[in-house]
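Please open the model in a viewer and keep the selection tool at hand. The tour below proceeds stop by stop, stating at each one what to select and what is found there.

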Amino acid sequence: MNINFSVIGTYLVPRTRVVLVAAILLPVMVACSDGSDQQPVVDALQPAPFAEIFQQGIVRYLGLFAPILAEQDGPVTTHYFAADADAGPICGDGSAYSMATRDQGSEDLMIFLEGGGACWSDFCFFINSVTPGIPQDGLLDTARVNNPVKDWSVAYVPYCDGSLLAGDVDVDSDGDGNIDRFQHGLQNLSAALDVTVRTFPAPRRILLAGQSGGALGTIFALPMVRHMYPGVPIDVLNDSGVGVLKPGKPEFLHQIVAEWNLSAFIPQSCADCIAPDGHLTDYLIWQMDQDPDLRRAMLSNTQDVNLADLFLGIGGPAFETALLEEMQQQENAYPQRMHSWIVDGNGHTFVELQPDATAGGVPLMDWIGYMLSGSDQWVSVKDASIGQ
């Protein structure tokens with residue numbers, strides 16, 4: 001169901017999004033990203049971050065969909081959308097989409113993108129429905145003493161489309177003339193961010209976190225979040241979706257962009273954003289070029305079996321080689337704003353399932369805390385055995 005400019009229950013979809021237009025047309029508000037309270041200053045000479053891809057259409061679904069129901073359980077509210085196969089937020093199997101918010105009364109906001117596989121013509125393995133609410137695990141656990149964001153407000157964005165919360169296609173996978181896979185990731189993300197900005201209209205800073213498919217999803221969600229929150233410092237925490245793909249095979253990335261209809265996310269002015277090396281690193285650096293109020297933290301196992309073997313089919317050693325090279329390339333470009341935390345192993349994801357893991361002797365939760373506090377202890381770390 002498409003819901004345009006209407007009231008449903010307590011939800012109002014505004015007729016004009018002045019703040020969103022301002023994100024394209026007004027100068028960027030450049031703020032300090034070190035967790036301080038320094039006020040943003042205006043740089044009248046610099047265009048707003050990501051204006052080019054806003055104009056290419058990545059924001060085309062913002063403001064179009066509102067929840068039909070909200071259920072509150074303590075500080076957590078689950079927001080349900082109508083399941084309409086013709087248009088709107090929907091999961092891959094055609095079931096209803098929902099997202100959740102947790103209002104802690106904090107000025108700090110974490111937007112968390114859940115993981116759950118991926119699906120394209122050559123491979124399909126993904127979670128295609130949503131479990132309502134917010135899990136109480138790791139970085140989402142309000143009772144975990146060493147959780148640096150336990151007191152932050154949360155927007156929890158489930159993942160059920162198989163297209164990294166960015167796709168916009170309907171697929172007849174068996175050729176019988178009927179759509180059987182709904183990859184409405186961009187619509188799901190847009191609807192979730194609309195709820196987020198209504199619930200938390202003025203955070204002082206944002207942590208955009210994601211794991212697995214949601215970690216890759218942060219790459220595409222980042223410009224959308226910036227569009228909704230111009231001038232607000234954004235830290236990105238990417239857990240096991242760092243943009244390492246198939247080395248030397250840019251055709252794979254071109255295939256994914258085409259199959260999922262992601263072309264609007266790739267700026268026409270950036271000829272190297274899909275680079276010959278086949279990885280997303282040049283696109284990630286382009287994002288850092290665009291947004292001076294952005295920092296990025298990358299988490300990975302050296303030979304992540306889910307990515308290296310299951311999804312990419314390149315094997316652990318090839319993944320490790322590419323991982324170390326691509327992380328170094330990004331840190332060379334932005335040595336103060338990008339750091340990595342790398343474990344010597346073949347596991348997959350940390351922030352929910354292995355929050356007590358360490359890399360180079362540094363506990364993960366401590367390392368995230370260093371980033372958010374602006375500590376000079378936030379530096380790249382990796383196990384001593386890596387590279388030996």
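Begin by selecting Cys119 and Cys124. The torsion about their S-S bond is about -100°, so this disulfide is left-handed. The model in view is a predicted one, and in it the sulfur atoms of Cys119 and Cys124 lie 1.9 Å from each other. Now display the solvent-accessible surface for the pair. Cys119 is buried, with a relative accessible area of 0%, whereas Cys124 has a relative accessibility of 44% and counts as partly exposed because that value falls between the limits of 20% and 50%.

**Second stop: Cys91 and Cys160**

Select Cys91 together with Cys160. A disulfide joins the two, with an S to S distance of 2.2 Å. The angle about the S-S bond is -85°, which makes the link of Cys91 and Cys160 left-handed. This pair connects distant parts of the chain, the two residues being 69 residues apart. To see the setting, colour the neighbouring strands: Cys91 sits in the loop between β6 (76–80) and β7 (98–102), and Cys160 in the loop between β11 (153–157) and β12 (169–171). Are these cysteines buried or exposed? Cys91 is buried at 0% relative accessible area, and Cys160 is buried with a value of 0% as well.

**Third stop: Cys270 and Cys273**

Move the selection to Cys270 and Cys273, which are joined by a disulfide with 2.1 Å from S to S. Here the angle about the S-S bond is 95°, and the link is right-handed. Cys270 has a relative accessibility of 16% and counts as buried because the value is under 20%. Cys273 is buried too, at 0%.

With the cysteines still displayed, how many disulfides does the model hold? The count comes to three. When the bonded cysteines are numbered in sequence order, the pairing reads 1-4, 2-3, 5-6.

**Fourth stop: helices α2 and α4**

Select residues 51–58 for helix α2 and residues 213–228 for helix α4; the two pack at an angle of about 100°, and their axes are 11 Å apart. Since angles of 65 to 115 degrees count as roughly perpendicular, α2 and α4 are therefore described in that way. Show the side chains at the contact next: α2 contributes Ile53, Phe54 and Ile58, and α4 contributes Pro223, Met224 and His227. By class, this contact has five nonpolar residues, one polar residue and no charged residues.

**Fifth stop: Asn238**

Select Asn238, which lies in strand β15 (residues 234–239). Asn238 is buried, with a relative accessible area of 0%. Which residues does Asn238 touch, leaving aside those up to four places away in sequence? They are Gly210, Ala215, Leu216, Thr218, Ile219, Ala297, Met298 and Leu299.

**Last stop: confidence**

Finally, colour the model by pLDDT. The mean pLDDT of the protein is 90, and 88% of its residues reach 70 or more. Then select residues 1–42, where pLDDT stays under 50. For this stretch the model has 97 contacts beyond four places in sequence.

Conventions. Residues numbered from 1 in each chain as written. Predicted model: local features only at pLDDT ≥ 70, side-chain atom pairs only at ≥ 80, totals over all residues. Heavy atoms only, no water. Disulfide = S-S within 2.5 Å. Helix = DSSP H or I, 4+ residues; strand = E, 2+ residues; numbered from the N terminus. Buried < 20%, exposed > 50% of the residue type's maximum accessible area, 1.4 Å probe, protein only. Contact = heavy atoms within 4.5 Å. Axes fitted to C-alpha atoms, helices over the stretch in contact; angles between N-to-C directions. Parallel < 35°, antiparallel > 145°, perpendicular 65-115°, else oblique. Nonpolar A, V, L, I, M, F, W, Y, C, P; charged D, E, K, R; others polar. pLDDT = per-residue confidence, 0-100.
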